[in-house]
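Visitor: I am new to this structure, so please show it to me, and then let me ask how each label is justified.

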Amino acid sequence: MSSDGVVDITILGAGPSGLAAAYYAGHRDASVRIIESLEQIGGQVAATYPEKHVYDVAGHPKIQGQALVDLCAEQGLQFDPEVRLGEEVRTLDTVSENGEELLRIGTDKDGSYLSRVLIITAGHGAFAPRKLVVDGIDDWEGKGLHYVVREKAQFLDKQCVIVGGGDSALDWTLGLQDTARHPIRLVHRRDRFRALESSVNEARKLEEEGRVRIMTPCEVREVHGNGRVEAVTIERTDTNELERVECDALITLLGFVSHLGAIAEWGLELEGKRQIKIDPTTCATNLPRVFAAGDVAGYPGKITLITVGMGEAAIAANNAIAQIRGEKVQPKYSTD
């Protein structure tokens, strides 16, 4: 960082893609600043599923979310970027300093940061969990209602009801087998699941062993308890039959509603409602000197995988550095 606080590249987001961008920029001898709205490194991986296994990261047949974050941080922070945690970016404008046009980034903590280039790796932006349509559902937060599984230990010997039909619901139905009391009840409003077939098949096998009870097509209609969740009423929607089951932990894994927040007001061209449109060959956006990578970046045919985001991060950093230095875009490798 120069004496006037200007860095070559500012990265919004400290998830795997942001850390990959920080590594590649540092490897190219660029000065880097990372701004992350959460209070920890790791982005949404660390915040929402640190103990969940991830299977689709290149080079890792299976790795826990937090272990992946730790490795990404070890790699991405080795060139000592400036890291600002717990600051949410609000504004972006251009200023002229000493004859150089710079980007000025403002945050909710009254931070004002100058940068030559910006790389946005903000995941899906600001996000909030989809909630059950049950009267008074918010009253149970922190009292047995969970929207993520951060630590398996908190479910030790708990009677768990998991709601959802996607990968997270199936992954935790399987992942809590060595922790929660059996059977773990899996509630989904349809007979057909969206999750990987292999996960569904494994859950059905566990159901035959009495370790899982799959309840479809069903929905949770009511939560019962005295200060904490003690039971839920589940309706079988094809017959309207109601069943009350004991429940210490109601885990609703229905996905998240996400939005770009203030970023959406910057004049960026969007791909759909929640992604920033980029040129996949450069990861450039429609705004000068602003790039994007990872889940927040979109283009036709995009696959939102961590591995893909890491590759985009390297492309973005490489093109950003070429633009700063007025050079032809040429990759620099870390091996001979």
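Visitor: What makes glutamate 219 and arginine 221 a salt bridge?

Guide: The term asks for a side-chain nitrogen of Lys or Arg within 4 Å of a carboxyl oxygen of Asp or Glu. The side chains of glutamate 219 and arginine 221 meet at 3.6 Å, N to O, and therefore the pair satisfies that definition. This is a predicted model, in which local features need pLDDT of at least 70 and side-chain atom pairs count only at pLDDT 80 or more, while totals for chains, interfaces and linings use all residues. Residues are numbered from 1 along each chain as its sequence is written, and side-chain values use heavy atoms, leaving out hydrogens and water.

Visitor: Why are glutamate 219 and arginine 221 called partly exposed?

Guide: A residue is buried under 20% relative accessible area, exposed over 50%, and partly exposed in between, judged with a 1.4 Å probe and protein chains only. Glutamate 219 has 30% and arginine 221 has 36%, so each value falls in the range between the two cut-offs.

Visitor: How do you know that threonine 237 is in contact with glutamate 219 and arginine 221?

Guide: Contact means heavy atoms within 4.5 Å, and, with its neighbours within four places in sequence left aside, threonine 237 is in contact with Arg189, Pro217, Cys218, Glu219 and Arg221. Threonine 237 and cysteine 218 are 19 residues apart in sequence, yet their C-alpha atoms are 5.5 Å apart in space. Threonine 237 lies in the loop between strand E15 (231–236) and strand E16 (241–246), and its relative accessible area of 30% makes it partly exposed. The strands and helices named here are DSSP runs numbered from the N terminus, with at least four residues for a helix (H or I) and at least two for a strand (E).

Visitor: What makes Arg189 part of a patch of positive charge?

Guide: A patch is made of residues with over 30% relative accessible area and no salt bridge, like charges being joined within 9 Å and nonpolar side chains (Val, Leu, Ile, Met, Phe, Trp, Tyr) within 5 Å. Arginine 189 has 47% relative accessibility and counts as partly exposed, so its value passes the limit of over 30%. The patch on the surface gathers Arg130, Arg189, Arg190, Arg194 and Arg274, and since Lys and Arg count as positive, Asp and Glu as negative, and His and the chain ends are not counted, the name of the patch follows. Arginine 189 is found in the loop between strand E12 (181–187) and helix H5 (197–208).

Visitor: Why is the peptide bond from threonine 216 to proline 217 worth noticing?

Guide: Most peptide bonds are trans. The bond from threonine 216 to proline 217 is instead cis, with omega near -20°, and proline 217 sits in the loop between E13 and strand E14 (218–224). Another cis bond runs from histidine 182 to proline 183, with omega near 0°, and proline 183 has its place in strand E12.

Visitor: How do you know that glutamate 82 and arginine 33 are both buried, and what ties them together?

Guide: Glutamate 82 has a relative accessible area of 18% and arginine 33 has 2%, so both values are under the cut-off for buried. Glutamate 82 forms a salt bridge with arginine 33, the closest N and O atoms being 3.1 Å apart. Because glutamate 82 lies in strand E5 (residues 82–85) and arginine 33 in strand E2, the pair ties together parts that are 49 residues apart in sequence. The structure holds 20 salt bridges.

Visitor: What makes the phi of aspartate 29 stand out?

Guide: Most residues other than glycine have a negative phi. Aspartate 29 is not a glycine, but its phi is positive, about 65°; this residue lies in the loop between helix H1 (16–27) and strand E2 (32–36). With a relative accessible area of 65%, aspartate 29 is above the limit of over 50%, and so it is called exposed.

Conventions
Accessible areas come from the Shrake-Rupley method with a 1.4 Å probe; for residues, only the protein chains shown count as cover. The place of a charge is taken as NZ of Lys, CZ of Arg, CG of Asp or CD of Glu.
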